[in-house]
Amino acid sequence: MTKPLRIGLIMQGGRGWMGGTEYIKNIVSALASLPTEVRSTFELCLICSKSLDSSLYSKVEPHLNTIYYQEVDLEPFTVPNRIRWKIINTLFKQGDPRFEAFIKKQKIDFVYPYFNQGIGHKSYHCAAWIYDLQHKYLPELFTQQDIQYRDHSFELIARHASTVVLSSKTAESDFQKFFPEVTHKSKVLSFKTSPPSAWYEADPQQIQHKYSLPERFFLVSNQFWQHKNHLVVFKALKLLQEKSIYPIVVCTGHIYDYRRPDYSDTILQTLHRLDIAHQIYLLGLIPRLDQVQLMRRSLAVIQPSLFEGWSTVVEDARCLGKSMILSDLPVNLEQNPPNSIFFDRNSPESLAPLLEDWWEHLSPGPNLEQEAIAKANNLSQVQEFGYRFLEIAKGGA
């Protein structure tokens with residue numbers, strides 16, 4: 001009997017980057033959706049920090065065989081260990097001998113997302129993940145230190161990783177543009193959201209009332225990072241205000257950009273300068289189920305980003321059958337969800353008439369008919385994602 005493939009998933013993100021956390025959870029859920037005979041061919045291990053809020057992964061815990069905590073399960077930082085690691089690193093040029101020893105001890109066959117810089121024999125397969133190359137296109141949104149860090153990290157990945165995973169064909173094209181000598185290493189893995197049954201069973205109207213929201217509103221579910229481009233929405237509202245049209249926009253997401261700590265002040269000042277504060281509800285980071293219920297209840301979801309690798313918000317809205325107003329990013333066009341329209345991401349004048357039209361003609365959700373269609377399509381899409389991940393884990397094309 002062939003032993004199961006042991007897969008080690010390194011948890012990404014946290015409350016400062018919910019997209020990274022959802023990415024790993026979506027992989028776990030996709031693998032759990034596969035037929036029993038397929039699931040029996042692998043075991044899933046999650047590798048994370050003990051400091052990570054367990055609520056961020058508790059929903060997928062039943063699908064995991066093991067959870068390893070880096071502070072507990074990796075070898076301690078004792079003096080003898082440090083000397084041994086230094087010798088190993090000198091001889092084999094391994095980036096992290098401590099982690100390498102852990103993988104070998106736990107007999108993990110595939111690690112993701114991770115790459116080994118070592119020149120010695122590897123007893124396992126691994127793949128790196130490049131979420132996007134945003135800093136190449138919007139360098140003004142990064143500190144020089146951030147740009148140098150990303151350039152260095154991605155250069156190491158391109159040089160040493162045997163497999164580089166990108167979330168979209170758009171991102172793969174960017175990777176091949178900036179690293180033309182290693183185009184053979186890239187593989188596309190476009191994730192899908194795996195919605196739990198609770199998403200469809202909860203009462204969105206109750207959550208609307210919980211946050212004292214009006215009956216009709218658009219939803220923007222992005223953290224307040226500069227590239228998420230909330231300001232284009234605010235400016236479009238000002239244009240409509242001049243026509244005595246007053247759409248309401250609800251925003252969920254952490255109101256902090258680590259790259260520019262004063263950006264939250266810019267957001268608040270803009271709301272008051274444009275005199276649209278009464279049309280904007282800033283809810284901050286709310287529970288995931290609440291966010292989803294507001295998505296269901298909304299007229300439509302607005303995704304105004306200036307850059308994305310592959311949008312979690314778009315995938316969430318897709319499996320709920322929601323109408324979406326999306327910026328004209330190549331990756332948004334690639335995702336191309338049903339019931340969506342696109343606008344020039346740099347033009348409030350392009351967005352304003354779309355908001356005006358949908359504000360007038362759409363009704364509060366949920367649209368149960370559209371949800372049923374989306375739900376029926378979702379299982380096959382999620383399973384396709386799971387099979388593609390397994391293909392990469394086994395070293396396939």
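## A walk from a buried arginine to the cores and salt bridges

At 9% relative accessibility, R150 counts as buried, because anything under 20% falls in that class. This is a predicted model, and R150 makes a good place to start exploring. The residue sits in helix α7, which covers residues 144-160. Leaving out residues up to four places away in sequence, R150 touches Y131, D132, Q134, H135, F142 and R259. If you would like a distance to check on screen, try L306: this residue is 156 positions from R150 along the chain, and their C-alpha atoms are 18 Å apart.

From there, let us turn to the nonpolar interior. In soluble globular proteins, nonpolar side chains tend to be buried together. Here the largest nonpolar core contains 49 residues, and F218, F234, V249, I280, L294, L351 and L355 have the most contacts inside it. Helix α11, residues 230-241, supplies the largest share of this core, with six residues. A second core of 39 residues is separate from it, and L5, L64, F110 and V165 are among its members.

F234 is worth a closer look. Beyond its neighbours within four places in sequence, F234 is in contact with I267, T270, L271, L274, I276 and I280. Some of those partners lead us to helix α12, residues 263-273, whose axis comes within 11 Å of the α11 axis and crosses it at roughly 5 degrees. The two helices α11 and α12 are therefore roughly parallel to each other, since an angle under 35 degrees counts as such. Where they meet, α11 contributes H230, L231 and F234, while α12 brings Y263, I267, T270 and L271. Sorted by class, this contact between α11 and α12 has five nonpolar residues, two polar ones and no charged ones.

Next comes helix α13, residues 288-297, which is mostly covered, with eight of its ten residues buried. The buried set in α13 is D290, Q291, V292, Q293, L294, M295, R296 and R297. One of these, L294, was listed above with the residues that have the most contacts inside the largest core.

The same helix also takes us to the charged pairs, as R288 lies in α13. Side chains of opposite charge can pair when their charged atoms come close. The model has 19 salt bridges, and one of them joins the side chains of R288 and E22 at 3.3 Å, N to O. This pair ties together distant parts of the chain, with E22 in helix α1 (residues 18-32) and R288 266 residues away. R288 counts as partly exposed at 23% relative accessibility, whereas E22 is buried at 7%. Both belong to a network of salt bridges that links E22, K25, R288 and D316.

Two further pairs round off the tour. K243 and E356 meet through their side chains in a salt bridge of 2.9 Å, N to O. K243 is in the loop between α11 and β10 (249-252), and E356 is in helix α16 (residues 348-361), 113 residues apart. E356 is partly exposed, with a relative accessible area of 22%.

The other pair is R388 and E391, whose side chains form a salt bridge at 2.7 Å, N to O. Both residues lie in helix α17 (residues 368-393), three residues apart, which is about one turn of the helix. R388 is partly exposed at 21% relative accessible area, and E391 is partly exposed at 34%.

How values were computed
Residues numbered from 1 in each chain as written. Predicted model: local features only at pLDDT ≥ 70, side-chain atom pairs only at ≥ 80, totals over all residues. Heavy atoms only, no water. Core = buried A, V, L, I, M, F, W, Y, C linked by side-chain atoms within 4.5 Å. Buried < 20%, exposed > 50% of the residue type's maximum accessible area, 1.4 Å probe, protein only. Helix = DSSP H or I, 4+ residues; strand = E, 2+ residues; numbered from the N terminus. Contact = heavy atoms within 4.5 Å. Axes fitted to C-alpha atoms, helices over the stretch in contact; angles between N-to-C directions. Parallel < 35°, antiparallel > 145°, perpendicular 65-115°, else oblique. Nonpolar A, V, L, I, M, F, W, Y, C, P; charged D, E, K, R; others polar. Salt bridge = Lys/Arg side-chain N within 4 Å of Asp/Glu carboxyl O.
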